[in-house]
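Please look at the sequence and the model below before reading on. The report is meant for a reader who has not seen this structure before.

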Amino acid sequence: MFDYLKKMSRATKFLVSMIVLDTLVYLMIIKGYYFSLLISKGNLLLTVLTLVAAFIVAFQFKAKLKKYTAICTLILLLPIILFNVVLNVILLDYSYSTVRYPSGPQKITIEYRNASLGETHHFYNFYKTIAIPGVSKKINTDLVDIMTRGYVGDDLALLGINDLKWSKNNNILTFNSSYATTTINLRKNEVNANLIKD
């Protein structure tokens with residue numbers, strides 16, 4: 001096996017390492033873990049790097065039939081892959097902000113966006129840093145959704161970023177606004193959003 005790896009070209013090693021990284025990222029996402037760098041970039045960066053590696057390997061084939069088939073396959077797949085990536089970027093145009101713990105380097109990353117159709121839905125995800133540097137754990141399993149009518153302010157102000165409180169040894173973070181009280185239990189990885197009725 002090691003002899004086979006030594007015989008591989010640099011481009012093939014790069015492609016194999018990208019496929020291994022893609023698989024690792026996918027398995028991490030299933031368990032709710034994310035590389036902090038990739039939270040805001042999504043799969044765009046990994047997709048582009050994997051496609052570049054695949055094209056480089058395809059151009060290195062010696063046999064013309066293999067080269068032609070590989071390049072044609074990649075060209076046919078390219079619009080499908082790019083359409084999915086661009087669609088995710090357009091539809092899921094999230095913004096990001098962080099809240100630091102009162103003590104220590106840990107932080108909570110807030111992923112937020114809104115969508116309007118009559119009323120406005122404000123969506124939030126929360127990530128916390130863990131002991132492994134560069135890796136974050138998603139706290140909420142379900143998207144937090146706060147619905148408003150006629151609200152024109154900032155999504156973070158609606159969440160209650162200006163009135164946040166830490167309690168119980170920094171294990172519970174509470175955001176308070178006139179629309180909702182959102183409580184994040186960092187120890188149990190739970191988020192509860194209690195909407196305030198008018």
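What follows describes a predicted model, taking up a sheet, its hairpins and one serine in turn.

## The open sheet

Four strands form an open sheet in the order β7-β8-β9-β10, and their pairing is antiparallel. Strand β7 (164-167) and β10 stand at the edges with a single partner strand each, so one side of each is left without a neighbour in the sheet. From one strand to the next, the twist averages 15°.

## Two hairpins

Strand β8, which covers residues 172-176, pairs with strand β9, residues 180-185, in the antiparallel sense through five bridges. These two strands, β8 and β9, make a hairpin that has three residues between them, and the bridge partner of I172 in β9 is N185.

Strand β9 is also joined to strand β10 (residues 190-195), again in an antiparallel arrangement, by six bridges. On this side N185 has E190 in β10 as its bridge partner, which places N185 in bridges with both I172 and E190. The hairpin of β9 and β10 has four residues between the strands, and within this hairpin N189 takes a positive phi near 55°.

## A buried serine

Another strand, β5 (residues 135-138), holds S136. With a relative accessible area of 3%, S136 is buried, because this value lies under the cut-off of 20%.

Leaving aside residues up to four places away in sequence, S136 touches G32, Y33, Y34, S36 and I39, and also Y127, K128 and T129.

Terms used
Residues are numbered from 1 along each chain as its sequence is written. This is a predicted model: local features need pLDDT of at least 70, side-chain atom pairs count only at pLDDT 80 or more; totals for chains, interfaces and linings use all residues. Side-chain values use heavy atoms; hydrogens and water are left out. Two strands pair if DSSP finds at least two bridges between them. Buried means under 20% relative accessible area, exposed over 50%, partly exposed in between (1.4 Å probe, protein chains only). Contact means heavy atoms within 4.5 Å. Axes are lines fitted to C-alpha atoms, for helices over the stretch in contact, and angles run from 0 to 180 degrees between N-to-C directions.
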